[in-house]
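Biologist: Please take one part of this model and go through it closely, step by step. I would like to know what surrounds it and what else its surroundings are involved in.

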Amino acid sequence: MAYAGPVRPTDNAAVVWRPVPAGAARITGGPLAARQRNNRTAAIPAGLKQLHEAKNIHNLEVAAGRASGEPIGPIFADSDVHKWLEAAAWEYGREADESLLDDLLALTELLAAAQAEDGYLDSVVQLRHDERYSELHMSHEHYCAGHLIQAAVAYSRTTGRTELLDVARRVADHLVATFGPDRNPALDGHPVIEMALVELYRETGERAYLDLAKHFVDTRGRATITGGREVAYYSDRVPVREATTVEGHSVRAVYLAAGAADVAAETGDAELLAALETQYDSMARQKQYITGGLGSRWDGEAFGDPYELPNDRAYAETCAAIGGVQWAWRMLLATGKASYADQIERMLYNGILSGVSLAGTEYFYVNTLHLRDGFTPDHDRNPGRGRVGWFACACCPPNVMRTFSSLEGYLASTDADGLQLHQYVPGRIEAGELEVSVETEYPWQGTIAVTVDAAPAGETAISLRVPEWADGATLRTIPQAEPGEAQGSSTGSGPEAVAPGGYATVRRSWRPGDRLVLELPIKPRLTRADSRVDADRGCLAIERGPLVYALEQVDQPDGVKIDDLRLDPTGEITEEVRPDLLGGIVVLHARGGVVRHDDSAPPRHDHDHQPDPAAEPVELTAVPYHLWAHRGAEPMRVWIPLL
Ligand SMILES: [Zn+2]
């Protein structure tokens with residue numbers, strides 16, 4: 001069933017590309033398919049159990065008059081239920097299942113029962129008998145409404161049913177009646193309602209929802225969110241269309257920007273889109289880790305100043321990378337610029353996959369790039385504790401679930417000219433009359449073979465992203481042979497060089513069996529950070545294809561500490577295929593050294609610039625960063641000091 005996935009621009013939207021229906025894209029193999037399987041069979045069932053145990057669902061039962069007690073958990077407790085609902089709804093679209101539908105219907109019925117007469121729905125605020133919206137800077141009432149609306153849109157698109165959409169529309173109608181020009185001017189401290197209202201407009205055609213989203217975007221950045229933290233924390237210091245960078249709480253900032261991108265698309269607002277391009281560029285250049293991680297400060301879960309990217313105190317919340325993908329996808333559709341698809345790849349394969357275990361049921365909230373020798377696991381989010389099953393503030397787990405269950409929505413897009421492939425997975429994609437299948441061992445190997453299974457009459461373009469790191473990439477066109485003709489003998493091309501950082505496009509009259517073979521040079525490479533990032537100066541990182549690598553204690557020689565290791569950049573880096581390790585990976589070995597410090601000597605805060613002791617040669621072993629801490633949470637680092 002070709003159900004619509006997330007982000008469905010209307011016919012009038014100012015976008016260059018449009019997503020293919022999520023149900024028309026399939027991931028049939030490779031590591032992302034394995035992640036999706038575990039998400040469905042392990043994470044989503046475990047998530048529902050956690051929502052019962054943590055009492056999120058209990059709160060709704062009390063609000064519905066079916067149980068008694070005080071509200072339990074954070075003020076935004078409902079939002080985790082909504083995100084779980086969204087994940088389950090996308091899963092239902094991927095593969096219909098009666099028990100999943102039963103769970104969706106039961107929770108939907110509970111939400112309807114908990115909803116107030118006038119459409120208001122936020123169980124914690126209802127049970128506390130707080131005055132509604134009196135503390136909107138911290139109450140997350142619009143945030144919870146936004147996640148409910150997103151769940152309802154997913155539910156509507158995948159089940160074709162309206163029960164949850166009816167609840168969400170009553171919530172949205174209540175918001176429209178309460179907020180906006182000439183009504184309550186207050187803004188929620190935590191964005192997400194903007195994206196949600198635009199998607200609800202797309203799903204229902206109700207213009208008032210788009211207008212309210214636009215109002216929230218237009219009025220933010222005027223320092224009106226008072227009573228809590230500094231306005232920068234809420235992205236309320238600079239008007240959205242005047243801002244030149246991102247600041248404050250990183251998840252809030254990227255959710256706001258994604259919502260603003262939706263508003264820009266649906267209102268044809270080129271000025272707003274241009275401002276968002278500037279902000280994105282600033283973020284990617286100055287405020288993003290090599291892993292795609294966003295938000296370098298624990299304090300306020302916030303973006304730092306430009307180039308303030310400490311590795312050992314990196315925050316890089318899993319939710320921030322997820323929000324980054326949501327923003328980048330909207331920018332990709334609006335602009336057609338390959339850099340946004342590159343960004344999605346970097347955040348997905350490093351910043352998001354790191355946030356969840358291979359089994360799917362343990363999570364990192366914080367995605368550090370360096371866990372030091374002698375670390376203290378001093379906080380429930382400290383990565384030294386390893387991935388855990390749930391958090392008191394459980395925003396990340398259901399966010400991961402809904403991302404995996406809607407992943408097909410980010411693979412490809414179409415325009416009048418043809419099909420664009422942005423992310424490479426074994427799978428099938430239908431775009432109108434054009435159907436293709438993709439075979440690849442990506443991200444481990446760089447051959448991507450696209451076979452045309454069905455094609456419309458006349459010329460159609462197929463565009464393949466060539467990542468910015470893929471220097472030396474080539475593309476071959478191999479037409480299906482006519483009877484009696486050797487394959488590729490007549491009109492096919494030999495390998496042609498294609499430029500990295502863009503799309504390689506082949507336009508022709510396709511016939512079933514025609515093939516395109518893209519060869520991306522996947523080999524280890526050393527990456528240097530901008531020299532203004534003090535934390536990375538004198539260091540290099542190892543990358544291979546889209547994957548960032550890391551040194552983990554468990555892989556190094558006995559008695560060698562992570563923080564004593566040095567990398568020899570002149571040495572060859574060798575590859576070792578390890579089907580037995582961490583689900584099957586490519587391990588890298590590099591030449592390096594270990595510096596044996598004499599800790600009985602006086603502390604080295606002196607001024608005579610003693611050199612380090614000479615390094616002893618040692619082989620360094622690196623594994624994909626996103627898989628670290630599967631063999632215990634032991635010291636690890638991404639950026640490696642040079643010999
Ligand atoms: Zn989170």
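Modeller: A helix here is a DSSP run of H or I at least four residues long, and helices are numbered from the N terminus. The model is predicted. The part I will take is the largest cavity, one of five cavities of 30 Å³ or more in the structure. The volume of this largest cavity is about 190 Å³.

Its lining consists of 17 residues. Nearest the centre are Pro 6, Glu 86, Gln 326, Arg 402 and Tyr 410. By type, the lining has eight nonpolar residues, five charged and four polar. Four helices each give at least two residues to this lining: H3 (77–94), H7 (141–159), H13 (318–335) and H15 (396–405).

Two of these helices, H13 and H15, also hold residues that bind the zinc ion. The protein donors of the zinc ion are Glu 317 through OE, and Cys 319, Cys 395 and Cys 396 through SG. These donors lie 2.0 to 2.3 Å from the ion. Cys 319 belongs to helix H13 and Cys 396 to helix H15, so this pair ties together parts that are 77 residues apart in sequence. The spacing of the donor residues along the chain is E-x1-C-x75-C-C.

The arrangement around the zinc ion is tetrahedral because the four donor atoms subtend angles of 94 to 118°. Cys 319 has a relative accessibility of 2% and therefore counts as buried. Cys 396 also counts as buried, because its relative accessibility is 0%; the cut-off for buried is under 20%.

Key:
Residues are numbered from 1 along each chain as its sequence is written. This is a predicted model: local features need pLDDT of at least 70, side-chain atom pairs count only at pLDDT 80 or more; totals for chains, interfaces and linings use all residues. Side-chain values use heavy atoms; hydrogens and water are left out. On a 1 Å grid over the protein atoms alone, a cavity is a set of points where a 1.4 Å probe fits but cannot get out, and a pocket is an open set with protein on both sides within 12 Å along at least five of seven lines; lining residues have an atom within 4 Å of a point. Grid points are joined across faces, edges and corners, and a volume is the space filled by probe spheres set on the points. Ala, Val, Leu, Ile, Met, Phe, Trp, Tyr, Cys and Pro count as nonpolar, Asp, Glu, Lys and Arg as charged, and the others, Gly among them, as polar. Donors are N, O and S atoms within 2.8 Å of the metal (3.2 Å for Na, K and Ca); water is not among the atoms, so sites may look incomplete. Four donors count as tetrahedral if all angles lie between 85 and 135 degrees; four count as square planar and six as octahedral if opposite donors are over 155 degrees apart and all others between 65 and 115; anything else is irregular. Buried means under 20% relative accessible area, exposed over 50%, partly exposed in between (1.4 Å probe, protein chains only).
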